[in-house]
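Me: Please take a close look at one part of this model, the second chain, and describe how it is built and how it meets its partner. A connected account would serve me better than a list.

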Amino acid sequence: MAYGALSNISLALGLEPEIPPDPSDLMELDPVKKVWGRDWSKLKEHPEFSNSLDLLRASARLPVGLLEENYDYLETAIRLLPPPTGSESEVEGL
Amino acid sequence: MDEKYFMEVASEVAHRTLLLNYSAIYDEPIERLRLKNAFYLTGMDVSKGTFREDESWRRVEAYRRSREYFRGGPEDWKTLQEMLAFELSNSLSKNFTSLIHFSLMDLAGGGYWSSGKEVEDRVAGHILRASVSFMKRTEFGNLTWITAVKDSLFYPMCSFTGSLLKTLQVEQWRENDGYVNGLKNLGGLVYGAVGYDLLLRERVNVYGVAKWQYDNDFYERQDRYRTLIWSEPDIVDDYAPYGVLIMQYFDKEAGKLEEVVLEGNFHMWRLGLGSEDLMNSALIMKQGLEELTPHTRESCKKYDEVVSEILSGRKKALAAALARVKGLWNGWAGLLLGGLVKVSEEDGILCLQMMKPPFWPCDFDGAAFMRLTAVTLPINRQVVHVCSHMGKLLVEKVKRAGFDKSAEEKPKKRELKKSLKRSRRGLTLYTPKVLGGRAMSCGGYPQGPFLAYTNSFSTRRPSCWGWLTAR
């Protein structure tokens, strides 16, 4: 998820080259490939790592901006609701 | 506004957010979302290169000044670093909270939201009302458990993002080769993350982790579950502050982490920590806590208490802090990385260790894996605690509602049975007493939200989800 956020930030700030949304593509960028290319290819040869690679890709793809927007919507809406008339500090409505 | 109407409106708001989360996670093609994501995250309209006007001043300033800095502007890096770390931590805390909320509600609701159902479901309605009832009225408006969760994640997240920005050497991104070197370091993190995830998958002691969670967290709060008392301090995990306390010593610059080759060519990495280290770290934490806004600091009370205790210098307090660190590393981390991680103790010095496993398909970088463990410990403890705590409160609240004679919206007996069955089945993974047995055969978990949840953890974060998904 942090990777996805960094990728979005690089897009927004116009950094060159942009941090690609898929971490596997990052490993294909020239400067990164020079350092990690061999190790990365070796790692991909081992099927044991496939679940971990899938998880990494999926977590990087999470829509961080939209999830944050949804959080803000929920928090603001409930916070701004007029509080119920009772005097208890905790809502007892169920 | 009466109680009943309030609950209806609040639960409807929560319902809509959950549906939005569903579409954000499952429905929309990610390519189309990318510009929107970048826009919301940074406040910058990528297509126009402008910042949006209705965005919070702090966020706009952080990213506008970052852009200027990377273009060679005269910005002061120290101030900028704090602003960036704050914004990134805030965004990630909200993201985690969104996913925790979605997952808890969906598991309790028997997969109602992840299935994308449009039809009204009375059981899901009960769950929603139970959820929004965990709320306090304050002079600034209503404080929901969701906000408390976000606040509880913020401080450990700051430690994580601080470490991330340092590792990526963001300060040097504007210099010749600075950004390229940052990308190389990011590549190293990605490479390490994949290996670390496999390490967790292979080594986790599922039953042990569940038992540790029950003995050291869940059991301690039994009275809250009996009385259904929800309070902000309970949202903060007891162990997370100790994770933050030890994190800095795993940095390369600290020079404390060393590799040892043992007899038989066994490799071990170790790090020594004593009372003095804890006091030094507590002093740094104190300074960091003092810089927080009063509201955020209020939600970090437990961190303040831990720091004060250590800085009191009392032998008993220091011994207790060392015991907690030992418990965290030997117990929690040790069970997540089954058998590879442990602590030895000599003359009041803890020696935190990690062993290389006997068979490993690629290069094993023990120092990097130890660092990844340390940097993610506070966050994964906090997330697991929140899920366990709120999951239990939620299922108890639904259960009680059915037996409360005065409840106007009392579910019918058949509905209650159905509701409880669904909630318990879904939330079993967060109520560790049963989890031990269940986790051994967790093929029955709803995969939709769970996948989203698992995905919420970059593989850089050791988490309990490895053991929950382990088969």
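**Chain B and its contact with chain A**

Reply: In this predicted model, buried residues account for 51% of the 471 residues of chain B. The secondary structure of the chain comprises 19 helices and eight strands. Of the contacts in chain B between residues at least 6 apart in sequence, 70% connect residues at least 24 apart.

The interface may be taken next. In chain B, 79 residues are in contact with 64 residues of chain A. The element that gives the most to this side of chain B is H7(B), with 14 residues. Classified by residue type, the side of chain B that touches chain A contains 42 nonpolar, 21 polar and 16 charged residues.

Two helix pairs show the interface in detail. In one pair, helix H4 of chain A, residues 50-61, packs with helix H7 of chain B, residues 178-203, at an angle of about 125 degrees, and their axes are 9 Å apart. Since angles over 145 degrees would count as roughly antiparallel and 65 to 115 as roughly perpendicular, H4(A) and H7(B) are therefore oblique to each other. The crossing of H4(A) with H7(B) is right-handed. From H4(A), the residues A:Asn51, A:Ser52, A:Leu53, A:Leu55 and A:Leu56 take part, and they meet B:Val190, B:Ala193, B:Val194, B:Asp197, B:Leu198 and B:Arg201 of H7(B). This contact of H4(A) with H7(B) has seven nonpolar, two polar and two charged residues.

The other pair consists of helix H5 of chain A, residues 64-80, and helix H1 of chain B, residues 3-27, whose axes come within 10 Å and cross at roughly 175 degrees. With the cut-off for a roughly antiparallel arrangement set at over 145 degrees, H5(A) and H1(B) are therefore roughly antiparallel to each other. On the side of H5(A), the contact is made by A:Leu66, A:Leu67, A:Asn70, A:Tyr73, A:Leu74, A:Ala77 and A:Ile78, and on the side of H1(B) by B:Ala10, B:Val13, B:Ala14, B:Thr17, B:Leu20, B:Asn21 and B:Ala24. The residues of the contact of H5(A) with H1(B) comprise eleven nonpolar, three polar and no charged.

The strands of chain B complete the account. Strand E3, residues 135-138, and strand E4, residues 141-144, run antiparallel in chain B and are joined by four bridges. Within this pairing, B:Thr138 has B:Gly141 of E4(B) as its bridge partner. The two strands E3(B) and E4(B) are connected by a hairpin through two residues.

Chain B also has an open sheet of four strands in the order E5-E6-E8-E7, with antiparallel pairing. Strand E5 (258-262) and strand E7 (341-346) of chain B lie at the edges with a single partner strand each, so one side of each has no neighbour in the sheet. From one strand to the next, the twist averages 30 degrees. The antiparallel strands E5(B) and E6(B), the latter spanning residues 266-273, are joined by five bridges. B:Val260 stands opposite B:Met268 of E6(B). Helix H14 of chain B, residues 315-336, packs on the sheet and touches E6, E7 and strand E8 (349-355) of that chain, while the direction of H14 makes about 150 degrees with that of E7(B).

Note on methods. Residues are numbered from 1 along each chain as its sequence is written. Chains are lettered from A and ligands numbered from 1 in the order in which they are written. This is a predicted model: local features need pLDDT of at least 70, side-chain atom pairs count only at pLDDT 80 or more; totals for chains, interfaces and linings use all residues. Axes are lines fitted to C-alpha atoms, for helices over the stretch in contact, and angles run from 0 to 180 degrees between N-to-C directions. Angles under 35 degrees count as roughly parallel, over 145 as roughly antiparallel, 65 to 115 as roughly perpendicular and the rest as oblique. A crossing is left-handed if the near helix is turned anticlockwise from the far one by less than a right angle, and right-handed if clockwise. Two residues are in contact if their C-beta atoms, placed from the backbone, lie within 7 Å. Ala, Val, Leu, Ile, Met, Phe, Trp, Tyr, Cys and Pro count as nonpolar, Asp, Glu, Lys and Arg as charged, and the others, Gly among them, as polar. A residue is buried if 20 or more other C-beta atoms lie within 10 Å of its own, exposed if 12 or fewer, and partly exposed in between; C-beta atoms are placed from the backbone. Two strands pair if DSSP finds at least two bridges between them.
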